[in-house]
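Thank you all for making the time this morning. I would like to walk you through one structure, beginning with a pair of charged side chains and then widening the view.

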Amino acid sequence: YRHLAQPGVDQAGFSMPNFRLQIPNNHFHKHWHDQSAHKGRIVTWHNQAARKHRRRENRLVKAQRVFPRPVNGMLRPVVHCQTIRYNSKKRAGKGFTLTELKEAGVNKREARGIGISVDYRRKNRSEGGLRENVARLAAYKSNLIVFPKKMNRKKPQATDSSKAEQSKAEQVVGDVMPIVKPKPGVVPYKITKADTDKKVFFTLRVARSDAKLVGKREVRAKKAVADAAEKAKTAL
């Protein structure tokens, strides 16, 4: 740094630069235009509000087209998530297994016609999951209203609902029988004198000490038994 200290130059008002700071390297040239070198790197999203409105209009049109069927599709089973990290959580699966449909008394060929999804690949691995989905199907069938395939049919089929039930049908908006996560409830109770007299920290310390000294205490007890047996022999 020869220019920092030159003879004949007053260095009183000069200070060394801070070399720890970041060197400014700002790029203020936004490539808005579709140039040959950069091809327009700025992406705009001015049609977000219009697409939101269009999706809403399409949902309303679909709801009118599929009436009186549910808007969000067919009934889905309850399955557990994959991997040991998430298998305690439940979510909606692709479809019911053939075993679940058979236990619930639903024909696998007619299931999709009455709003029940079918998965031919999934298999039941636990008895609890099987019973849960069978109960789900039974609850769905109890509230199911089946319209005839042909409205001008003179003689209705046995599986069709009555006209009184058909007149009460309402379109389900949202998921059919959504999976509700149970909220853990806390039961309040009155604190007694026995609760206040407990020493939690002391109890934890004693439990930790007991777990730590299990081996040593076993060795000491065995040694005491052996010493007692040796003394008995010497006394004879």
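**Charged pairs around helix H4**

Let me start with Glu 132, which has a relative accessibility of 30% and therefore counts as partly exposed. Please keep in mind throughout that what you see is a predicted model. The side chain of Glu 132 meets that of Lys 90 in a salt bridge, with 3.2 Å from N to O. This pair links distant parts of the chain, since Lys 90 sits in strand E2, residues 90-92, while Glu 132 belongs to helix H4, and the two positions lie 42 residues apart. Lys 90 is likewise partly exposed, at 37% relative accessibility. As a general remark, side chains of opposite charge can pair when their charged atoms come close.

The count for the whole protein comes to 6 salt bridges, and two others also involve helix H4. In one of them, Arg 131 pairs with Glu 103, the closest N and O atoms being 3.5 Å apart; here too distant parts of the chain are linked, with Arg 131 in helix H4 and Glu 103 in helix H3, residues 98-104, at a separation of 28 residues. In the other, Arg 131 meets Glu 127 at 2.8 Å, N to O, and because these two residues are 4 apart in helix H4, about one helical turn separates them. Taken together, Glu 103, Glu 127 and Arg 131 are linked in a network of salt bridges. Each member of that network is partly exposed, with relative accessibilities of 44% for Glu 103, 46% for Glu 127 and 41% for Arg 131.

Is Asn 133, by contrast, buried or exposed? This residue, which also lies in helix H4, residues 127-142, counts as buried because its relative accessibility is 1%. Leaving aside neighbours within four places in sequence, Asn 133 is in contact with Pro 77, Val 78, Phe 96, Glu 100 and Arg 122.

**Backbone details and a charged patch**

Most residues other than glycine have a negative phi, and most peptide bonds are trans. With that in mind, I would point you to Thr 83, which is not a glycine and yet has a positive phi of about 70 degrees; Thr 83 is placed in helix H2, residues 83-86, and is exposed, at 53% relative accessible area. Met 177 also has a positive phi, near 50 degrees, and is found in the loop between helix H5, residues 163-167, and helix H6, residues 193-197. The peptide bond between Phe 67 and Pro 68 is cis, with omega about 0 degrees, and Pro 68 falls in the loop between H1 and strand E1.

Which residues form the positive surface patch? They are Arg 51, Lys 52, Arg 54, Arg 55, Arg 56 and Arg 59, and Arg 59 is located in helix H1, which covers residues 48-66.

**The protein as a whole**

To finish with the wider view, the secondary structure comprises 8 helices and 2 strands, and the order along the sequence is α-β-α-β-α-α-α-α-α-α. Of the 236 residues, 16% count as buried, and the accessible surface comes to about 21400 Å², of which 56% belongs to carbon and sulfur atoms. Among contacts with a separation of 6 or more, 48% come from residues 24 or more positions apart.

How values were computed: Residues are numbered from 1 along each chain as its sequence is written. This is a predicted model: local features need pLDDT of at least 70, side-chain atom pairs count only at pLDDT 80 or more; totals for chains, interfaces and linings use all residues. Side-chain values use heavy atoms; hydrogens and water are left out. Patches are made of residues with over 30% relative accessible area and no salt bridge: like charges are joined within 9 Å, nonpolar side chains (Val, Leu, Ile, Met, Phe, Trp, Tyr) within 5 Å. Accessible areas come from the Shrake-Rupley method with a 1.4 Å probe; for residues, only the protein chains shown count as cover. A salt bridge is a side-chain nitrogen of Lys or Arg within 4 Å of a carboxyl oxygen of Asp or Glu. Lys and Arg count as positive and Asp and Glu as negative; His and the chain ends are not counted. The place of a charge is taken as NZ of Lys, CZ of Arg, CG of Asp or CD of Glu. Buried means under 20% relative accessible area, exposed over 50%, partly exposed in between (1.4 Å probe, protein chains only). Contact means heavy atoms within 4.5 Å.
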